[in-house]
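Reader: I would like to learn how to read a structure like this one, feature by feature. Where should we begin?

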Amino acid sequence: MEIKREKLRALSPLEEPRSPAELRVRQLRARDLLRGDLEGPALERHVTESVLTTTLDRATRWGRANSIFPATFGLACCAIEMMSIVSPRYDIARFGAENMRASPRQADMLILSGRVAIKMAPVIRRLYDQMLEPKWVIAMGACSSSGGMFANYAVVQGADKFMPVDIHVPGCPPRPEALVYGFNKLQRMILGNPEPGWRRRYNAIGTEEWARPATGSASSEEAEAYAAARELSVAHDAELAGETG
């Protein structure tokens with residue numbers, strides 16, 4: 001087996017620094033634009049090269065998604081994995097969320113990293129109520145998502161029973177990569193482009209337990225519910241195909 005090594009610069013060369021003369025031309029164009037002297041083709045060229053247009057709503061959502069302030073808060077063993085996301089190996093700073101805050105009044109994201117005891121639930125709810133608006137919650141691990149192995153009276157069987165949860169990250173404990181992936185899903189949700197659920201992605205709408213016909217003879221209500229769910233799935237797929245096309 002032969003291994004061939006090539007430098008990335010040779011495969012994808014970077015642009016050379018622009019000449020001082022070209023930089024001076026751009027400065028003069030910007031000055032003329034402010035004075036109102038730039039007109040015609042020169043104005044159109046300057047706008048094409050220098051101006052980016054968007055909507056205020058999209059710009060606001062982009063800023064929120066890339067400047068999240070997580071709370072420095074841990075519950076159990078998942079907190080050790082959560083601490084790793086700020087290390088150089090995972091580097092959550094790539095997504096603008098490395099500035100963890102020690103006060104809920106300066107944070108807008110809460111990561112529930114571990115089991116939630118009955119006695120701890122009111123404290124977590126108070127911390128959530130003190131956080132900045134808009135705010136988001138990630139349930140990290142099986143314990144905070146569904147109680148995990150602690151199926152007893154002392155642990156809340158899912159944090160979404162007493163507070164809103166935006167993203168659930170499965171695992172016991174989940175690796176830092178899984179938490180970063182959950183954070184990326186939260187970013188897409190904030191940007192207004194959330195990923196569809198697995199039933200949408202795999203065309204599984206209508207396979208829910210309530211929608212499946214019973215074994216043998218199904219009642220008319222069950223058959224109608226199943227047919228309606230299948231029609232909804234087909235219509236949704238057709239709509240997505242139209243948008244893609």
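Reader: Where is aspartate 91 found?

Author: This is a predicted model. Aspartate 91 lies in the loop between helix 5 and strand 1. Its phi is near 55°, which is a positive value in a residue other than glycine.

Reader: Is aspartate 91 buried or exposed?

Author: Neither word applies, because aspartate 91 is partly exposed, with a relative accessible area of 27%. Isoleucine 85 is found in the loop between helix 5 and strand 1 as well, but isoleucine 85 is buried, with a relative accessible area of 4%.

Reader: Which residues is isoleucine 85 in contact with, leaving aside neighbours within four places in sequence?

Author: They are Tyr90, Asp91, Ile92, Met100, Pro176, Leu179 and Val180. Take the proline in that list. Isoleucine 85 and proline 176 are 91 residues apart in sequence, yet 5.8 Å apart in space, C-alpha to C-alpha. Across the protein chain, 70% of the contacts between residues at least 6 apart in sequence join residues at least 24 apart.

Reader: How do I get an overview of the protein chain, and how many helices and strands are there?

Author: Count the elements, then read their order. There are 10 helices and 3 strands. From the N terminus on, the order is α-α-α-α-α-β-α-β-α-β-α-α-α. The protein chain has 245 residues, and buried residues make up 28% of them.

Reader: How do I read a strand, and how many residues of strand 1 are buried?

Author: Check each residue, then each face. In strand 1, residues 109–113, 5 of the 5 residues are buried, so this strand is largely enclosed by the rest of the structure. Met109, Ile111 and Ser113 are on one side, with Leu110 and Leu112 on the other, and both faces are covered.

Reader: Which strand is joined to strand 1 by bridges?

Author: Strand 2, residues 136–140, runs parallel to strand 1, and 5 bridges join the two. One such pairing is methionine 109 with tryptophan 136. With helix 6, residues 121–130, the two strands make a right-handed β-α-β unit.

Reader: What lies in the loop between helix 6 and strand 2?

Author: Proline 134 is found there. For a proline, look at the peptide bond before the residue. The bond from glutamate 133 to proline 134 is cis, with omega near -10°. A cis peptide bond also joins cysteine 172 and proline 173, where omega is about -10°. Proline 173 has its place in the loop between strand 3 and helix 8.

Reader: How do I read a nonpolar core, and which residues have the most contacts inside the largest one?

Author: Start with the members that have many partners. The largest nonpolar core has 20 residues, and Ile138, Leu179 and Leu186 have the most contacts inside it. At least two residues each come from helix 5, strand 1, strand 2, strand 3 and helix 8. Helix 8 supplies the largest share, 5 residues.

Reader: What does leucine 179 touch, not counting residues up to four places away in sequence?

Author: Leucine 179 touches Met82, Ile85, Ile111, Ile138, Met140 and Val169. There is also a second, separate core of 16 residues, which includes Ile124, Val156, Ala159 and Met163.

Reader: How do I read a helix, and which residues of helix 8 are buried?

Author: An α-helix has 3.6 residues a turn, so residues three or four places apart point the same way. The buried residues of helix 8 are Pro176, Leu179, Val180, Gly182, Phe183, Asn184, Leu186, Gln187 and Ile190. What covers them includes helix 4, helix 5, strand 1, strand 2 and strand 3.

Reader: How many residues does helix 8 have, and what follows it?

Author: Helix 8 has 15 residues and reaches 21 Å from its first C-alpha to its last, close to the 21 Å expected at 1.5 Å a residue. Glycine 192 follows helix 8, with a positive phi near 85°.

Reader: How many disulfides does the count come to?

Author: Compare the distances between cysteine sulfurs. The count comes to 0 disulfides. Cysteine 77 is in no disulfide, and its nearest cysteine sulfur is that of cysteine 78. The sulfur of cysteine 78 is 5.0 Å from that of cysteine 77, so the two are too far apart for a bond. Cysteine 78 is buried, with a relative accessible area of 5%.

Methods
Residues numbered from 1 in each chain as written. Predicted model: local features only at pLDDT ≥ 70, side-chain atom pairs only at ≥ 80, totals over all residues. Heavy atoms only, no water. Buried < 20%, exposed > 50% of the residue type's maximum accessible area, 1.4 Å probe, protein only. Helix = DSSP H or I, 4+ residues; strand = E, 2+ residues; numbered from the N terminus. Pairing = 2+ DSSP bridges. Right-handed = clockwise from strand over helix to strand, strands pointing away. Core = buried A, V, L, I, M, F, W, Y, C linked by side-chain atoms within 4.5 Å. Contact = heavy atoms within 4.5 Å. Disulfide = S-S within 2.5 Å. Expected span 1.5 Å × (residues − 1).
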